[in-house]
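User: Hi! Could you walk me through this model?
Analyst: Happy to, here it is.
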Amino acid sequence: MRSDFLSLRQVDKRFPVEDGELHVLDDISLNIRQGEFISIVGGSGCGKSTLLRLLVGLEQASGGSLQLDGAPIEGTDPERGIVFQDHRLYPWLTVEDNVLLALLNSPLSKAERLQRVHEHLRLVGLEAFARAWPAQLSGGMSQRVAIARGLVNRPKILLLDEPFGALDALTRAQLQEELARIWLAEGITTVLVTHDVDEAVFLGDRVVVMQPRPGKIGRIVEVDLPHPRHRDHPRLHELRSDILRDFARH
Ligand SMILES: Nc1ncnc2c1ncn2[C@@H]1O[C@H](COP(=O)(O)OP(=O)(O)OP(=O)(O)O)[C@@H](O)[C@H]1O
């Protein structure tokens, strides 16, 4: 198993703005192991989403390098699956077709594609809803479809930007458990951006704590607990309080 499966070296990001440039990310270096679950937390505006957009390939770094499995990250690619806060399902397509769309450029036959879609709908517990319309789904169900769509290409990594941010607390907790189960079953390298420190420590093998202006890695916290985890484990509470103390300092 490679310890630098996903590798960020001295990544820097600046945006041109009216009166010069905005320095958003400064000297971000991080090696992520194959199969690892990394959570990224930090206050609003510290560059978490920008970092994820660089990993997706929607933005280009101003300096430094990002590599996945030995190859530079350039542009979007099905080898990187994405789930955003807003599920972005097409309302005029059924659940099945929404997931199928992600396989548009796949070399698989139609029958193989459908089989793959159903396999992933089963994985997220929604096989019975294959023919449903997005409007018939709850927020949590829509987000499950988005996870199925993110995984259907069997990507090398799964990138999640506040995937449960718009859900109520109970649904959010359920989806976190689902994600933990799916991650364990699939063994997929995962990067999660979240505001929620509880979520970050519950799911992550490591939690990257970012600091603002410009966004930097403040520290990296190892969550030294095996999976599956119990959310009430005292160690998780301890780590959470420790990280929140960091937030209070910035
Ligand atoms: N395309 C852009 N052009 C100019 N500035 C940008 C652009 N994208 C992001 N920014 C700025 O970069 C900074 C970091 O934004 P980013 O969304 O990455 O932070 P974040 O940590 O994800 O915040 P939040 O938690 O509120 O979503 C912000 O000041 C934002 O205004």
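User: Let's start with β9 and β10: how many bridges join the two strands, and which way do they run?
Analyst: Strand β9 (residues 206–211) and strand β10 (residues 216–222) run antiparallel and are joined by six bridges. Within that pairing, Gln211 sits opposite Lys216 in β10.
User: And what does the hairpin look like between the strands?
Analyst: Four residues lie between the strands of this hairpin, and Arg213 there takes a positive phi near 50 degrees.
User: Before I go on, what's the mean pLDDT?
Analyst: Keep in mind this is a predicted model. The mean pLDDT of the protein is 94, with 99% of its residues at 70 or more. The ipTM is 0.96 and the pTM is 0.94.
User: Good. Back to the strands: which order does the sheet of six strands have?
Analyst: The order is β6-β7-β8-β3-β9-β10, in an open sheet with mixed pairing. At its edges stand β6 (80–84) and β10, each pairing on one side only. From one strand to the next, the twist averages 20 degrees.
User: Mixed, OK. In what sense do β3 and β9 pair?
Analyst: Parallel: strand β3 (residues 37–41) pairs with β9 over four bridges. One residue to look at is Ile40, whose bridge partner in β9 is Val208.
User: Which strands does α4 touch when it packs on that sheet?
Analyst: Helix α4 (residues 139–151) touches β6 and β7 (157–161), and its direction makes about 165 degrees with that of β6.
User: New topic, the other sheet. What's the strand order in the sheet of four?
Analyst: That open sheet runs β2-β1-β4-β5, and its pairing is antiparallel.
User: Why is one side of β2 and of β5 left without a neighbour?
Analyst: Both β2 and β5 (71–72) stand at the edges with a single partner strand each, so one side of each has no neighbour in the sheet.
User: How many bridges join β1 to β2?
Analyst: Nine, with the strands running antiparallel. Val17 stands opposite Gly20 in β2. Helix α1 packs on this sheet, touching β1, β2 and β4 (63–68), and its direction makes about 65 degrees with that of β2.
User: Last thing, the ligand. Which residues come nearest?
Analyst: Phe15, Ser44, Lys48, Ser49 and Thr50 come nearest, out of 13 residues around the ligand. The elements giving two or more residues to that shell are β1 (6–17), β2 (20–32) and α1 (48–56). Helix α1 supplies the largest share, three residues.
User: And how does the shell split by class?
Analyst: Around the ligand there are five nonpolar, seven polar and one charged residues.

Notes. Residues are numbered from 1 along each chain as its sequence is written. This is a predicted model: local features need pLDDT of at least 70, side-chain atom pairs count only at pLDDT 80 or more; totals for chains, interfaces and linings use all residues. A residue is near a molecule or strand if its C-beta atom, placed from the backbone, lies within 6 Å of it. Ala, Val, Leu, Ile, Met, Phe, Trp, Tyr, Cys and Pro count as nonpolar, Asp, Glu, Lys and Arg as charged, and the others, Gly among them, as polar. Two strands pair if DSSP finds at least two bridges between them. Two residues are in contact if their C-beta atoms, placed from the backbone, lie within 7 Å. Axes are lines fitted to C-alpha atoms, for helices over the stretch in contact, and angles run from 0 to 180 degrees between N-to-C directions. pLDDT is the predictor's confidence in each residue, from 0 to 100.
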